Every structure is written in structure tokens, then in C-alpha cells.
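Biologist: Hi, I have this protein open on my screen and would like a tour. Please bring up the sequence and the structure.

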Amino acid sequence: MAERDLTPSADDALKDWLGYLAGEKRYSPKTLESYGRDVSAFLDFQFAHRGERLTLRHLGDLKATDFRAWLADRRRDGVSARSLARFLSSVRSFYRYLEQRCGVSCSALGLVETPKVPRSLPKPVSTDAARQMIVETGARDMPDWIAARDAAVLLLLYGCGLRISEALAITVADLPLGDVLRVTGKGQKTRLVPVLPAVREAMAAYVVLSPFSPDPGEPAFRAVRGGALGARAIQEMVVNLRSRLGLPASTTPHALRHSFATHLLAGGGDLRTIQELLGHASLSTTQVYAAVEGAHLTAVHAAAHPRARRR
């Protein structure tokens, strides 16, 4: 590579990379914001560390100690191992782009170990708790259409395993729901999800009661004043429900998606199918639910089996 090709600034390379992720990879705005923030913080640290703005040549010449100094600085600020691992993953992704598009590589980065992250298991909601939450939506002091709306959203999360954003993205054109729903998830990847009769019925009930008539291309779920329903309203609704029912703080909208996967696995579903239903890019992401189910069975065994209890 010619000398002039290594003189552009690292900041310009970062902008090009984010443009590539947005335009070609079609990453979500939140993902782009996270990547941009992580790599920008890395470049700012190296600027302060070296006393000069980095060019592409500088990026290729960094030593392992430069990366470790950055991670150590973040750790001194109280950043968790999980966040450090994410920061390093963002930087690695940036460097992969630099190698593919600019011919800039840094072998030292391969010598930097990813911080060990304590494994945490998803905390699903029990079947009874999920049922109670859906029933309780109708016991609150609010209009019937809002109760029907909230019940429909909860059923989409628990009965179809959708993320909040995926449920709220359902448009009027998608109605009435059929036996299968086409869902566009992370990275604009689409998948087909079976729709249970209970979910279809809840959605139909909401449509009948809703006082609004949005256009076909608009979101079906509407807020009190008629605008598109936001994720914050669903999160607050779940906080209210878990308070009324005495459920733990781990009871969140996303926990219902965890419950969908865990309960399917407990019912005999295979991991590969569950991976497809959830829209996970990697099977390893789905395998964590096997650990959840294993931990549950161990707890049941310890509580019920006479030889598992110590006298």
C-alpha cells in the first residue's frame, strides 16, 4: 500500500466504517451508536496516550500494550468485565473492516485477551406468572381498549417470542394475523413465526376495541393519544404488573421472550428450531436456554428427591 493511503485520519476511517455498517450491513441505529461510541472512546484514549491524532498507519502500528492500557484505564473507571468485552469486540470489528477495506492490520490486537465475563443465565417468567400478567392487564383501572392492547403485546412476547421492537413494528397491513407472522428482527433479518390462536384472538380483540384507525403502513399498536406505541410504555406497564402481582424485578418484557424459549425447550423443542424462531444468528446464543432448563431441573430434583436432601 502506498504511503498516501495510510495518512487519512482514524476518525475519518471510523465515519466510513459506520457508513458501511449502516448502508451495507443495515445495522440498527442503536447498534451503530454503540459501535461509534466504543471505538471513538478508544481513539480518544490513544490520542491522549500518544499526544497526536491517529492515522491509518498509527492504527496498524499499535502495540498490545496500547490496547491493554486502554482496557486498564476503563477498568479503573469501574467498567465491568462485560462492558470491557463489548468495547474490545467493537474495536476488533473496526479492525476487521480496516483490513478488508484499507489493507491495515494490527497483529498486536490478536495478543490481547478478551476479559472473562461471568456467565449469567436468562431469568424467564414462570408459566403461571405469565398467565397472571396477561389476566391482570384487564383488572387495572383503564379503558378496555388499552387492557386489550397490553394483553395482545404480552401474548406476542410470550406466545411468539418477539422482542418489544418486533411486536410494536406490526403494522395494520399485517392484520388480521394468520397462522404465521413474518418478523423483521436485528440486522433486518426476516423469519417466520407461528402464531397461536390465543395470540390471534387477543390481537383481534384489540383491533375491535381500539378507537384509532391508522393507515395500513403504520404500526397497529397505538398510544393513548393515537401516536405509535413506544417500548417505554410497555416497560412501565410490566413494572406495574409485577408490582401488583409481587413478581421479582427480573420480570421484564424481554423475560417473556426468555420464557417462550425456555418453555418450548422444556416441552421437547429442539435448540435449532428455537434458534430459528428467536432469530438468533448463532446457535451458541440459543444454547444458554439449555443451561436454564438444566438448572431448573436440578432445583426441582433437589427439592423433591428424598436422596437429594440432606438430613
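Modeller: Happy to. One term before we begin: a strand here is a DSSP run of at least two E residues, and strands are numbered from the N terminus. With that in hand, Arg191 belongs to strand S2. Please keep in mind that this is a predicted model.

Biologist: Good to know. Is Arg191 buried or exposed?

Modeller: Arg191 counts as buried, because its relative accessibility is 8% and the cut-off for buried is under 20%.

Biologist: And which side chain does the Arg191 side chain make a polar contact with?

Modeller: That of Glu166, in a polar contact of 2.8 Å.

Biologist: How do the other side chains along S2 point?

Modeller: They alternate. Arg191 shares a face with Val193, and both are buried. Thr190, Leu192 and Pro194 point to the other face and are not buried.

Biologist: Which strand is S2 joined to?

Modeller: Strand S1, residues 180–184, is joined by 5 bridges to S2, residues 190–194, and the two run antiparallel. Within that pairing, Thr184 is opposite Thr190, and Leu181 is opposite Val193.

Biologist: What about the side chains of S1?

Modeller: Those alternate too: Leu181 and Val183 are buried on one face, while Val180, Arg182 and Thr184 point to the other and are not buried.

Biologist: And what sits between the strands of that hairpin?

Modeller: There are 5 residues between S1 and S2, and Gly187 in this hairpin has a positive phi near 65°.

Biologist: Let me zoom out. How many helices and strands does the chain have?

Modeller: The protein chain has 14 helices and 2 strands. Of its 311 residues, 41% are buried. The chain exposes about 17200 Å², with 52% of that area supplied by carbon and sulfur atoms.

Biologist: And what share of the contacts is long-range in sequence?

Modeller: Taking contacts between residues at least 6 apart in sequence, 62% join residues that are at least 24 apart.

Biologist: New topic: aromatics. How many aromatic pairs are there?

Modeller: The count is 10 aromatic pairs. One of them is Trp17 with Phe94, a tilted pair at 5.3 Å centre to centre with 55° between the planes. The pair brings together distant parts of the chain: Trp17 is in helix H1 (residues 10–23) and Phe94 in helix H5 (residues 81–102), 77 residues apart. Trp17 and Phe94 are both buried.

Biologist: Which other pair would you show me?

Modeller: Trp145 and Phe212, an edge-to-face pair at 5.5 Å centre to centre with 80° between the planes. They are 67 residues apart, with Trp145 in helix H7 and Phe212 in the loop between helices H9 and H10. Trp145 is buried because its relative accessible area is 10%, while Phe212 is partly exposed at 27%.

Biologist: Back to Trp17: which residues form the aromatic cluster with it?

Modeller: Tyr27, Tyr35, Phe42, Phe67, Trp70, Phe94 and Tyr95 join Trp17 in one cluster. Elsewhere on the aromatic theme, the charged end of Arg53 sits over the ring of Phe47, 4.3 Å from the ring centre.

Biologist: You mentioned the loop between H9 and H10. Where does Phe221 lie?

Modeller: Phe221 lies in that loop. Its relative accessible area is 1%, so Phe221 is buried. Leaving out residues up to four places away in sequence, Phe221 touches residues including Arg149, Leu156, Leu168, Met203 and Tyr206. Phe221 and Met203 are 18 residues apart in sequence and 9.7 Å apart from C-alpha to C-alpha.

Biologist: Last stop, Asp150. Where is its place?

Modeller: Asp150 is in helix H7, residues 144–160. With a relative accessible area of 2%, Asp150 is buried.

Biologist: Which side chain does that of Asp150 join in a polar contact?

Modeller: The Arg140 side chain, at 2.7 Å. Apart from neighbours within four places in sequence, Asp150 is in contact with Thr137, Arg140, Met142 and Met237.

Biologist: Thanks, that gives me plenty to look at!

Terms used: Residues are numbered from 1 along each chain as its sequence is written. This is a predicted model: local features need pLDDT of at least 70, side-chain atom pairs count only at pLDDT 80 or more; totals for chains, interfaces and linings use all residues. Side-chain values use heavy atoms; hydrogens and water are left out. Helices (H or I, at least four residues) and strands (E, at least two) are DSSP runs, numbered from the N terminus. Buried means under 20% relative accessible area, exposed over 50%, partly exposed in between (1.4 Å probe, protein chains only). A polar contact is a pair of N or O atoms within 3.5 Å; within protein, one must be able to donate a hydrogen and the other to accept it, and residues adjacent in sequence count only if both atoms are side-chain atoms. Contact means heavy atoms within 4.5 Å. Accessible areas come from the Shrake-Rupley method with a 1.4 Å probe; for residues, only the protein chains shown count as cover. Two strands pair if DSSP finds at least two bridges between them. Rings of Phe, Tyr and Trp (its six-membered ring) pair if their centres lie within 6.5 Å; planes under 30 degrees apart count as stacked, over 60 as edge-to-face and the rest as tilted. A charge sits over a ring if NZ of Lys or CZ of Arg is within 6 Å of the ring centre and within 35 degrees of the ring normal.
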